Amino acid sequence: WDFVEVKSVDYKLSRIEFTNTQTDDNTFIYDSLLEKLTDKYGEPMVLSTGGRSWYDSYTILSLYHTYAKSTGGEWRHYVVLTYVDRDLYNQGESKALDEL
């Protein structure tokens, strides 16, 4: 993974996002993860052409692949895998708004 973003609430993991980005096509990473996650969690909900999601009342797991411009203007392939603890994430959002 090229980038990992971690969010926490009261020292507990609320969200983690893994990103792989390449100038060459990295669809094989998306396809491999999609197969493994589908085997483990069942058929995903389709979010978009390259996006899938698995969720229950506690967690959200999403996976997507896209080809887009980077902030530097270069066209790149992105595979993003995100895990969210719904309760903790919502608590964090509420805390952030309360502090404003």
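Is Gln 91 buried, partly exposed or exposed, and at what relative accessibility? I began my notes with this residue, and I record at the outset that the model I am reading is a predicted one.

**Entry 1: Gln 91.** I located Gln 91 in helix H2, which covers residues 86-99. Its relative accessibility came out at 41%, and because buried means under 20% and exposed means over 50%, I entered Gln 91 as partly exposed. I then looked up its separation from Thr 49, which is 42 residues away along the chain, and noted 31 Å between the two C-alpha atoms.

**Entry 2: the chain as a whole.** I counted 2 helices and 6 strands in the protein chain, and reading from the N terminus I wrote their order down as β-β-α-β-β-β-β-α. For the dimensions I noted that the C-alpha trace spans about 40 × 35 × 20 Å along its principal axes. The chain has 100 residues, of which 37% are buried.

**Entry 3: strands S4 and S5.** I next followed strand S4, residues 51-55, into strand S5, residues 59-69, and found that the two pair in the antiparallel sense over 5 bridges. The connection between S4 and S5 is a hairpin with 3 residues. As one example of the pairing, I looked up Arg 52 and found Leu 63 in S5 as its bridge partner.

**Entry 4: strands S5 and S6.** On turning to strand S6, residues 75-85, I found that S5 is joined to S6 by 11 bridges and that these two strands also run antiparallel. Ile 60 has Val 84 of S6 standing opposite. The hairpin of S5 and S6 has 5 residues between the strands, and in this hairpin I marked Gly 73 for its positive phi, which is near 95°.

**Entry 5: a charged patch.** Which residues form the negative surface patch? I listed Asp 24, Asp 25, Asp 31, Glu 35 and Asp 39 as its members. From this list I followed up Asp 31, which has its place in helix H1, residues 27-41. The relative accessible area of Asp 31 is 43%, and since a patch is made of residues with over 30% relative accessible area and no salt bridge, I checked that this value lies on the right side of that cut-off. By the limits I used for Gln 91, Asp 31 is likewise entered as partly exposed.

Methods:
Residues numbered from 1 in each chain as written. Predicted model: local features only at pLDDT ≥ 70, side-chain atom pairs only at ≥ 80, totals over all residues. Heavy atoms only, no water. Pairing = 2+ DSSP bridges. Helix = DSSP H or I, 4+ residues; strand = E, 2+ residues; numbered from the N terminus. Patch = residues over 30% accessible without salt bridge, like charges linked within 9 Å, V, L, I, M, F, W, Y side chains within 5 Å. Areas by Shrake-Rupley, 256 points an atom, 1.4 Å probe, with all protein chains shown as cover. Salt bridge = Lys/Arg side-chain N within 4 Å of Asp/Glu carboxyl O. Lys, Arg positive; Asp, Glu negative; His and termini not counted. Charge placed at Lys NZ, Arg CZ, Asp CG, Glu CD. Buried < 20%, exposed > 50% of the residue type's maximum accessible area, 1.4 Å probe, protein only.
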